[in-house]
Amino acid sequence: MGSSLYGLAADGTLASRLGLVAAAIASVSYAASFLLARRPAATAARPTTLTALFVLAAAAHGVALLPEWLAGAVFYFGFAHAISWMVWLAALIWLVERGPASATAGKTPDAVRHWLLVASAAPLLPLVFPGVVQLSAQSWIFRLHILLAMAAYSTFAIAALQGLVMQAQERALHVPRSGLIQWLGNPSLMELDRQLARTMALGLGLLVLTLASGVAVNRALGHAWLVLDHKTVFTLLTTALGGVFWAGRLLRGWRGGVAARCAVLGLGLLLLSYVGSRFVTEVLLARAA
């Protein structure tokens with residue numbers, strides 16, 4: 001029997017148990033972060049506790065994901081695995097973008113709390129949906145292509161979160177007196193806009209690299225340079241959207257709500273390109289059969 005995610009081989013080796021324990025720790029830590037973030041008073045009193053939980057979750061999640069990916073063993077990569085990778089890479093990007101000390105500072109917006117709730121399920125999701133797409137002994141360029149795609153998905157997920165947070169903070173400007181008090185400690189709207197622009201630029205660059213590595217994979221397999229399947233079409237659409245966003249930002253000064261909507265739309269297109277289609281194949285059609 002080949003190994004599945006986290007090295008959960010049938011022989012119950014130490015690596016298998018370590019992967020399962022790490023996934024469980026990540027799930028519990030994300031869940032604890034979500035529960036703590038729901039209590040603003042507790043978060044304000046113990047900001048380092050939330051930061052420590054979030055860092056622990058990201059570290060444990062990486063321990064669960066990376067060993068098998070680097071080992072070159074046979075494993076499965078379905079929609080649940082993609083979500084798990086997206087959540088972990090998004091956590092890393094969030095920590096790098098804002099820094100560990102400020103990643104959980106200030107009011108925790110509803111969008112981020114909801115993301116933490118999704119994140120709590122992500123590490124263990126592949127155990128419920130092991131996937132049917134088997135990757136075995138693929139070349140390094142193939143694995144790099146998958147990793148770049150997951151990084152692009154994660155970057156657009158962070159951009160969407162940043163856009164939603166920016167819109168929520170902007171709406172608070174119109175609430176008399178106490179509207180902005182609850183946002184003290186968070187980045188200003190101008191800083192959020194700059195963060196969103198940087199994240200969108202990173203996402204666009206990763207999409208270009210994803211397409212380029214996809215061409216290399218196609219050529220290595222003897223296929224055409226560009227295979228216009230649904231994954232490629234949605235990726236091209238998202239890349240075009242990123243280009244339009246930057247053209248609008250440079251020429252028309254697009255910011256605020258327009259930038260946020262572009263980020264959310266880009267994430268939606270990318271989810272349709274792989275996660276959505278694999279979910280339909282692995283879950284809906286499998287149950288119908």
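**Note on the predicted model: helices, core and second largest pocket**

1. Thr199 lies in helix α8, and in this predicted model the residue is classed as buried because its relative accessible area is 3%, where the cut-off for burial is under 20%. Leaving out residues up to four places away in sequence, Thr199 touches Glu97, Thr155, Ile158, Ala159 and Gln162. The helix that carries Thr199, α8, has 32 residues, which at 1.5 Å a residue should span 46 Å, and its end C-alpha atoms are indeed 46 Å apart, so the two values agree. Just after α8 comes Gly222, which takes a positive phi of about 80°.

2. On the overall fold, the secondary structure of the chain comes to 10 helices and 2 strands, and these follow one another along the sequence in the pattern α-α-α-β-α-α-α-β-α-α-α-α. The chain has 289 residues, of which 49% count as buried. Among contacts between residues at least 6 apart in sequence, 80% join residues that are at least 24 apart.

3. Helix α7 deserves its own point. At 1.5 Å a residue, its 33 residues should span 48 Å, and the distance between its end C-alpha atoms is 48 Å, which agrees. The helix is mostly covered, with 25 of its 33 residues buried.

4. Two residues of α7 can be followed in detail, and Ala152 is one of them. Ala152 counts as buried because its relative accessible area is 1%, and, setting aside neighbours within four places in sequence, Ala152 is in contact with Gly203, Leu206, Leu207, Thr210 and Leu270. Between the C-alpha atoms of Ala152 and Met200, which are 48 residues apart along the chain, the separation is 9.7 Å.

5. Ile146 also has its place in helix α7, and with a relative accessible area of 15% it is buried, given that the cut-off is under 20%. Apart from neighbours within four places in sequence, Ile146 is in contact with Trp69 and Phe77. Ile146 and Thr210 are 64 residues apart in sequence, while their C-alpha atoms are 7.8 Å apart in space.

6. The largest nonpolar core has 65 residues, and those with the most contacts inside it are Tyr30, Phe54, Phe77, Trp85, Trp115, Met150 and Met200. At least two residues of this core come from each of α1 (14-37), α3 (47-71), α4, α5, α7, α8 (189-220), α9 (230-252) and α10. The largest share, 17 residues, is supplied by α7. As general background, nonpolar side chains tend to be buried together in soluble globular proteins.

7. Tyr30, in helix α1, is among the core residues with the most contacts, and it is buried, with a relative accessible area of 0%. Not counting residues up to four places away in sequence, Tyr30 touches Phe54, Ala57, Ala58, His61, Val87, Trp88, Ala91, Leu116, Ala119, Ser120 and Pro123. One of these contacts, Ala119, is 89 residues from Tyr30 along the chain, and the C-alpha atoms of the two are separated by 6.1 Å.

8. Trp85 is another of the core residues with the most contacts. With residues up to four places away in sequence left out, Trp85 touches Leu65, Leu66, Trp69, Phe77, Leu147, Met150 and Ser154, and among these Phe77 and Met150 are likewise listed with the most contacts inside the core.

9. The second largest pocket has a volume of about 340 Å³. Its lining has 15 residues, and the closest to its centre are Met86, Trp115, Val118, Ala157 and Leu267. At least two lining residues are supplied by each of α4 (79-98), α5 (110-121), α7 (140-172) and α10 (257-288). By residue class, the lining divides into 14 nonpolar, 1 polar and no charged.

10. Finally, helix α9 has 23 residues, which at 1.5 Å a residue should span 33 Å; its end C-alpha atoms are 31 Å apart, which agrees. The residues buried in α9 are Thr232, Thr235, Thr238, Thr239, Leu241, Gly242, Phe245, Gly248 and Arg249. After α9 comes Gly253, whose phi is positive, near 75°.

Conventions:
Residues are numbered from 1 along each chain as its sequence is written. This is a predicted model: local features need pLDDT of at least 70, side-chain atom pairs count only at pLDDT 80 or more; totals for chains, interfaces and linings use all residues. Side-chain values use heavy atoms; hydrogens and water are left out. On a 1 Å grid over the protein atoms alone, a cavity is a set of points where a 1.4 Å probe fits but cannot get out, and a pocket is an open set with protein on both sides within 12 Å along at least five of seven lines; lining residues have an atom within 4 Å of a point. Grid points are joined across faces, edges and corners, and a volume is the space filled by probe spheres set on the points. Helices (H or I, at least four residues) and strands (E, at least two) are DSSP runs, numbered from the N terminus. Ala, Val, Leu, Ile, Met, Phe, Trp, Tyr, Cys and Pro count as nonpolar, Asp, Glu, Lys and Arg as charged, and the others, Gly among them, as polar. A nonpolar core is a set of buried Ala, Val, Leu, Ile, Met, Phe, Trp, Tyr and Cys residues joined through side-chain atoms within 4.5 Å. Buried means under 20% relative accessible area, exposed over 50%, partly exposed in between (1.4 Å probe, protein chains only). Contact means heavy atoms within 4.5 Å. The expected span of a helix is 1.5 Å times one less than its number of residues.
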